[in-house]
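Hi,

Here is the structure I said I would pass on. Have a look at it first, and then read my notes below.

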Amino acid sequence: ITQSGFSILLLGGDGNDTITLNDGPLLTDGLALLVAGGNGDDTITLNGGLSLLVSGGSGDDVITLNSGSGVLLLIGRDGDDTITINSNAGVLLLGGGDGDDTITNLGFLGAARTGDGDHNLVNGGTIFGPVDLEGGDDTLILQPGFSFELFGITGTVSGGDGSDTLGFRNLGTVDPSIMNNLTSFENLGFFGGETTLIGDWTFSGFTAVYEGTFILAQGATLTTTSLTVDPGGTANIIGTLTATTGRTDNAGTLLVNGRLNSTVYNTGLVGGAGTISGDLYNSGTVSPGNSIGTLNVGGSYAHGSGATYIAEVTAGGQSDLLNVAGRADLNGGAVLTVLPRALYPDGFNWTILTAAGGIDGTFAQVQGQPDSPVLSLTLNYGTHDVGLQVSRTPYESFGNSSGERATGAGLDLSLI
C-alpha cells in the first residue's frame with residue numbers, strides 16, 4: 001500500500017504488508033489518521049507528514065520515520081519490532097509490546113513505555129520526555145548527537161526492572177553528570193568508537209567492552225562487579241577499576257596503566273605499566289609496558305602451555321619486566337622478542353620476570369632468534385627471576401687454520 005497526501009485509514013491485513021505514506025501536494029502533506037499493520041511481519045515507512053496513530057501488528061514489524069515525519073502515538077505491539085526515528089522526524093508518545101524491540105532515535109522522542117521484552121534503545125537524537133524501558137534486560141546506547149532537553153523540557157530514561165545496561169558509543173569524554181537523566185541501569189557497556197570516563201563511577205552489575213576502546217582516565221574510578229573485554233574491544237585502565245567479584249575476563253586488549261583491583265583471566269593481550277592487584281592467568285599474550293616498561297602483578301602468575309610473553313629489549317640492557325609479588329608457574333609456552341642489532345658479549349642478560357614467591361617450571365621456547373651464525377637467545381632461571389641471555393659461539397671456533405683461529409680469538413677478546 002502506497003499513499004500520498006491525506007488518508008483516514010491505511011490498514012494492512014494478516015500477511016506481510018508494506019505500507020508507505022508519502023508527502024502529497026500542498027495542503028495534503030502526508031496526513032493520516034491511522035496507519036496500522038496486521039498480524040504479519042509488516043514494513044511501515046513514513047516519508048513525511050503527520051500521522052495521529054501508527055501501529056504495528058503482532059508480527060516482527062519494521063517501522064521507519066524519515067525526515068519530516070511526525071507521529072503523535074506509535075505502538076509497536078507484541079512482535080520483535082524495529083523502530084527507527086531518523087533525523088528531523090519525531091514521535092510524541094511511543095508504546096512497545098512485550099517483544100524484544102530495537103528502537104533507534106536520531107530525531108525526537110517524547111514519552112515512551114516499551115513493555116516487558118528485552119529492548120535495545122539507541123539514542124543519537126533528542127529524548128524530551130520520560131522513557132521507561134520497563135521489564136526485561138534492556139540496553140540504552142548513547143551515541144554522538146544525543147540530548148535530553150528540548151525547549152527547556154528535560155528527558156529521562158529508566159531501565160526499569162531486570163538487568164539493564166547503559167552503553168556508550170564513541171562519546172569522547174564522559175563525566176558522571178550524565179547519570180542525572182538516567183536511573184535503574186545496573187551494567188555498563190561500550191559499543192564501538194572511543195569513550196573516556198572521568199570522575200567516579202559505580203555500577204552494581206558488570207562492565208563489558210564489546211567493541212571499540214574504553215579508557216578510564218587518570219584519577220578516575222570505576223567500581224563494578226566484573227570486567228569483560230571481548231575480542232573486538234580494548235580497555236585502557238589509567239585510573240582505578242575495582243571488580244568487586246574479583247574477576248576480569250579479557251579476550252581483546254587489556255592495558256593496565258593504573259590499577260586494576262581484580263584477578264585477570266587472559267586469552268587476548270594484556271599490557272601496560274600499572275598494577276593488577278590479583279592473579280594473572282595467561283592463556284593468551286602478555287606484553288608488559290607500552291614500550292619498555294614494568295607490569296606489576298600483586299598475586300601469582302600462571303603462564304599456559306599455549307601462551308606467549310612478549311619481551312621488548314634494548315641493546316643498552318633495558319627490558320620489559322613482569323614483576324610478580326607471588327609465585328610464577330611456567331607451564332611451557334613461549335617468550336617472543338626481537339634482538340636489536342649490536343655487538344653483544346657472551347652472557348649478556350636481561351631480567352624479564354621476577355617473582356617474590358619463586359619460579360616453578362620453565363618456558364618451552366624463545367621465539368625471534370637472531371639471524372646469526374654466532375648468536376642465539378636462551379633463558380636462565382634463578383630462584384626468583386628469569387633472564388633472557390645472549391649465547392655467543394666464539395669466532396675462534398670457525399677458524400680452519402691457526403691464523404684464522406688467532407684472528408677469531410682477537411675478535412672474541414674485543415667483545416669481553
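**What turned up**

Leucine 52 counts as partly exposed, because its relative accessibility is 34% (the class between buried, under 20% relative accessible area, and exposed, over 50%, with a 1.4 Å probe and protein chains only). Leucine 52 sits in strand β6; strands here are DSSP runs of E with at least two residues, numbered from the N terminus.

Before going further, a word on the source: this is a predicted model, where local features need pLDDT of at least 70 and side-chain atom pairs count only at pLDDT 80 or more, while totals for chains, interfaces and linings use all residues. Residues are numbered from 1 along each chain as its sequence is written, and side-chain values use heavy atoms, with hydrogens and water left out.

**The leucine patch**

Which residues join leucine 52 in the nonpolar patch on the surface? They are Leu50, Leu72, Leu73, Leu92 and Leu93, and with Leu52 they have about 440 Å² of accessible area together. That area comes from the Shrake-Rupley method with a 1.4 Å probe, and for residues only the protein chains shown count as cover. To be in a patch, a residue needs over 30% relative accessible area and no salt bridge; nonpolar side chains (Val, Leu, Ile, Met, Phe, Trp, Tyr) are joined within 5 Å, and like charges within 9 Å. Three strands each supply at least two residues of this patch: β6 (49–55), β8 (69–75) and β10 (90–95).

**Salt bridges**

Side chains of opposite charge can pair when their charged atoms come close. The cut-off used for a salt bridge is a side-chain nitrogen of Lys or Arg within 4 Å of a carboxyl oxygen of Asp or Glu. How many does a search of the whole structure find? It finds four salt bridges.

Try arginine 113 to begin with. Its side chain meets that of aspartate 132 in a salt bridge, at 3.8 Å from N to O. This pair links distant parts of the chain, 19 residues apart, with arginine 113 in strand β12 (residues 108–113) and aspartate 132 in strand β15 (residues 130–132). Arginine 113 also meets glutamate 134 in a salt bridge, here at 2.7 Å, N to O. That pair too links distant parts of the chain: glutamate 134 is in the loop between β15 and β16 (139–142), 21 residues from arginine 113.

Are these side chains buried or exposed? Arginine 113 is partly exposed because its relative accessibility is 49%, and aspartate 132 is partly exposed too, with a relative accessible area of 21%. Glutamate 134 is at 18% relative accessibility, so it counts as buried. Glutamate 134 also has a phi near 55°, a positive value in a residue other than glycine.

Another salt bridge joins aspartate 249 and arginine 247, whose closest N and O atoms are 2.8 Å apart. Both partners are partly exposed: aspartate 249 has a relative accessible area of 26%, and arginine 247 has one of 36%. Back at arginine 113, salt bridges that share partners join Arg113, Asp132 and Glu134 into one network.

**The largest pocket**

Rolling a probe the size of a water molecule over the atoms shows where empty space is left. On a 1 Å grid over the protein atoms alone, a pocket is an open set of points where a 1.4 Å probe fits, with protein on both sides within 12 Å along at least five of seven lines. The largest pocket has a volume of about 250 Å³, a volume being the space filled by probe spheres set on the points, which are joined across faces, edges and corners.

Its lining residues, those with an atom within 4 Å of a point, are Leu339, Pro340, Arg341, Ala342, Tyr344, Pro370, Asp371, Ser372, Pro373 and Leu375. By class, that lining has seven nonpolar, one polar and two charged residues. Ala, Val, Leu, Ile, Met, Phe, Trp, Tyr, Cys and Pro count as nonpolar, Asp, Glu, Lys and Arg as charged, and the others, Gly among them, as polar.

**One more residue**

Asparagine 170 also has a phi near 55°, a positive value in a residue other than glycine. Asparagine 170 lies in the loop between β20 (165–168) and β21 (172–174), and is partly exposed, with a relative accessible area of 41%.

Cheers

Terms used: Helix = DSSP H or I, 4+ residues; strand = E, 2+ residues; numbered from the N terminus.
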